[in-house]
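Reader: I'd like to go through this model and ask how its labels were earned. Can you show me the reasoning behind each one?

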Amino acid sequence: KKNIYKGINRADTFDMINAYDLKDETYDWEYSNFGIAVLGTTLGEVYNTSYKILAEDFINKDLGLNQTHLGNGTGNLENYWTWNDDDTYLAAGGYVSTVTDLLKYGQMHINDSPEYLAFSHKTYQTFKKNGFSMGLGWIIDPETNYLWHNGGTSSYQSFLGFDKEHKTAVAVLSNYSAKDGTKDEDLLDIIGYSLLNSLSNNDSDIVL
């Protein structure tokens, strides 16, 4: 499937923002790719650069994740999404990474290194339906204290989760494409959770 977010640029995003008429009241939490696109656009405005340049500089220089980048449609597999450099939805679904870099990133969060990563582990909102909470980008399970997130395009799926108490992290990547209208997208979450449960109960270190 083609990338349905390709071609939505800064001007388009501002048009969508202006189309909203929000009242001064508290709204229920809702997962939103559009919200992340707005956040990425805002960061670009604050730092007077494009989100692509800002994000890749941070990923490579600050975090040292040299195998992680924003997608350009190339790689050693097929059916990658392609993007324009000024696409604002790059912030929501444009990252390409490896298991090695994801586990390295998980270890950074476990160790709170850099220290500011710990701010993303605080609970900022709670889901009414399933009891999960939301940090900054991380879904928080209050029963296990796991922090995790998943993602995917029409051809690839991913899961990264970690348990700070037992210093355990799990990364799962797949080139299995979920079918519309099914629960196939939950399969990686199930695998990731099962691995976290097994490893945390054994007090294991970070593993692949």
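Author: What follows is a short round of questions and answers on a predicted model.

Reader: Let's start with Ser133. How do you know whether it is buried or exposed?

Author: Its relative accessibility is 7%, and buried means under 20%, so Ser133 counts as buried. Ser133 sits in strand S4, residues 133-134. Leaving out residues up to four places away in sequence, Ser133 touches Thr123, Gln125, Thr126, Phe127, Trp138, Ile139 and Ile140.

Reader: Next, the helices. Why is H1 called oblique to H2?

Author: H1 (residues 10-19) and H2 (residues 33-46) pack at about 120 degrees, with their axes 11 Å apart. Roughly perpendicular covers 65 to 115 degrees and roughly antiparallel starts over 145, so the label left for H1 and H2 is oblique. The crossing of H1 past H2 is left-handed.

Reader: What makes up the contact of H1 with H2, by class?

Author: Five nonpolar, two polar and two charged residues. From H1 come Arg10, Thr13, Phe14, Met16 and Ile17, and they meet Phe34, Val38, Thr41 and Glu45 of H2.

Reader: And which residues touch the most other members in the largest nonpolar core?

Author: Phe132, Ile139, Trp148, Phe159 and Tyr193, out of 13 residues. Strand S8 (168-174) and helix H6 (187-201) each give at least two residues to this core, and H6 has the largest share, with four. As for Tyr193, its contacts beyond four places in sequence are Phe132, Asp141, Thr144, Tyr146, Trp148 and Phe159. Another core, of eleven residues including Tyr51 and Leu70, lies apart from that largest one.

Methods
Residues are numbered from 1 along each chain as its sequence is written. This is a predicted model: local features need pLDDT of at least 70, side-chain atom pairs count only at pLDDT 80 or more; totals for chains, interfaces and linings use all residues. Side-chain values use heavy atoms; hydrogens and water are left out. A nonpolar core is a set of buried Ala, Val, Leu, Ile, Met, Phe, Trp, Tyr and Cys residues joined through side-chain atoms within 4.5 Å. Buried means under 20% relative accessible area, exposed over 50%, partly exposed in between (1.4 Å probe, protein chains only). Contact means heavy atoms within 4.5 Å. Axes are lines fitted to C-alpha atoms, for helices over the stretch in contact, and angles run from 0 to 180 degrees between N-to-C directions. Angles under 35 degrees count as roughly parallel, over 145 as roughly antiparallel, 65 to 115 as roughly perpendicular and the rest as oblique. A crossing is left-handed if the near helix is turned anticlockwise from the far one by less than a right angle, and right-handed if clockwise. Ala, Val, Leu, Ile, Met, Phe, Trp, Tyr, Cys and Pro count as nonpolar, Asp, Glu, Lys and Arg as charged, and the others, Gly among them, as polar.
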